[in-house]
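Here's a quick walk through a few spots worth a look, from a pocket to a helix to some ring pairs. Keep the viewer open as you read.

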Amino acid sequence: MTTLIISATAVDGGARALAPGARVVRPTTPDSVPVEALAPALAEWVVGVLSDDDASSPSRIILPGRPAERALAGAIAARLAAPVFTSVTAMDGAEITVARYGGLVNETFRVDGTAVVVVDEGEETDGEAEGLELAADGAEIVSTDAGGSGEGNLREAQRVVVAGRGFTAKEDLSLARDLAAALDAEVGGTRPLAEGLGWLPKSAYVGISAHTIAPDLYLGVGVSGALHHLNGVDARVAAAIVDDEEAPIVEASDYVIVGNLYEVVPALIEELGKR
C-alpha cells in the first residue's frame, strides 16, 4: 500500500498518528502564492507517485483538515476519481473508520481502491518531511486583512465563552465579549446565533457540525444545551449561566448559575474585575 501524508505545515500530528511510517511531503509556495494554487500540479504529482509505485493494494492520500489542504484533497480526489473521507479516526488495511455526529457513531467502510483521507490537524510535530516544490500558476495573495470579528482560534482556546439564544439582541453580545475579556477567553456561539440570525460569524459556531472544542473552561451564557451543541464540547470544566433550571445544559455542567444573564453577567464581570 502506498500511503502519503501531504501537509503544508508541521501541524500534522493527526495524520502521523493515523499512519505511522507514511511518506510525508510538505508542498511549499512563495509567500505571495496561496497553497491552494498548487492543487492541479500536486494532483498530477500524486498520480505520478502512484503510477511509479504500481501498488496492487489500496492507496491512501492523507491530509489535515485545514481549509488549504481540503482544497488540495478535492483536487487530488477529482484527478484520481477517488472518494474523500473526512473525520477519519482509524485505518486498517482496506478499512476506513469515520466518526459521525461528533463521535456518537463510528462508521467503517471497505475501500478496495485509492481513497483521499482528511483528518484532524493534531499537534505540531518535528518528524521528517520531504520538501516539495511545484509550479503554482493562476493565484496570488494580494492582501491580508483581519476578519474583524474578534473571534480567535476556538479549537486552541483554553477558555471559551459561548453565547446562546438567551441573548435577545445582537448588540447585547457585548456582554459576552466583556465577560470573555475578563476571563481571557475566546467567544463562541450556538447555531442559531451563528447561522440562523447571523449575529456571530460562522467561524464562531460551536457544535458537532462546526467547531468541536476541548478547552479547560467552557462557559455557556444563555445556552439551553441542544444535543448537537453539547456533543461538540469536551471541556475539563463546564459552567453555565441559564434562566431555566430544567435546561439540558444544567445536567451537563459542573457549575451552574440559574438567573437572568442580563443581571448575572454584569455582576460577574464586576467581581472578576476586583480580582
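Let's begin with the second largest pocket, which holds about 320 Å³ of space. Keep in mind that this is a predicted model. The lining of this pocket takes in 22 residues, and the ones nearest its centre are Arg165, Gly166, Gly222, Val223 and Ser224. Several elements give two or more residues each to that lining: helix 5 (191–196), helix 6 (227–230), strand 13 (237–242) and helix 8 (261–274). As for chemistry, the lining splits into ten polar, eight nonpolar and four charged residues.

Now for helix 3, which runs over residues 67–80. Its 14 residues reach 20 Å from the first C-alpha to the last, close to the 20 Å expected at 1.5 Å a residue. Which residues of helix 3 are buried? They are Ala68, Glu69, Leu72, Ala73, Ile76 and Ala77. These buried residues sit on the same side of helix 3 because they cover an arc of only 165° around the axis. Flip to the other side of helix 3 and you'll find Pro67 and Ala78, both exposed. Just after helix 3 comes Ala81, with a positive phi of about 55°.

On to the aromatics. How many aromatic pairs does a search of the whole structure find? It turns up two. Here they are side by side:

| Pair | Centre to centre | Angle between planes | Type |
|---|---|---|---|
| Phe85 and Phe109 | 5.3 Å | 50° | tilted |
| Phe167 and Tyr262 | 6.3 Å | 70° | edge-to-face |

Take Phe85 and Phe109 to start with. Phe85 lies in strand 4 (residues 84–85) and Phe109 in strand 7 (residues 105–110), so their pair ties together parts that are 24 residues apart in sequence. Buried or exposed? Phe85 is buried, at 11% relative accessible area, while Phe109 counts as partly exposed at 28% relative accessibility.

The pair of Phe167 and Tyr262 is edge-to-face because its planes meet at 70°, and the cut-off for that label is over 60 degrees. This pair links distant parts of the chain, 95 residues apart: Phe167 is in the loop between strand 10 (159–163) and helix 4 (173–183), and Tyr262 is in helix 8. Phe167 counts as buried, with 0% relative accessibility. Its partner Tyr262 is partly exposed, at 28% relative accessibility.

One link back to the start: helix 8, home of Tyr262, is also one of the elements that give two or more residues to the lining of the second largest pocket.

Key. Residues numbered from 1 in each chain as written. Predicted model: local features only at pLDDT ≥ 70, side-chain atom pairs only at ≥ 80, totals over all residues. Heavy atoms only, no water. 1 Å grid on protein atoms, 1.4 Å probe; cavity = no way out; pocket = protein on both sides within 12 Å on 5 of 7 lines; lining within 4 Å. Points joined across faces, edges and corners; volume = space filled by probe spheres on them. Helix = DSSP H or I, 4+ residues; strand = E, 2+ residues; numbered from the N terminus. Nonpolar A, V, L, I, M, F, W, Y, C, P; charged D, E, K, R; others polar. Expected span 1.5 Å × (residues − 1). Buried < 20%, exposed > 50% of the residue type's maximum accessible area, 1.4 Å probe, protein only. Arc of directions from axis to C-beta. Phe/Tyr/Trp six-rings, centres within 6.5 Å; stacked < 30°, edge-to-face > 60°.
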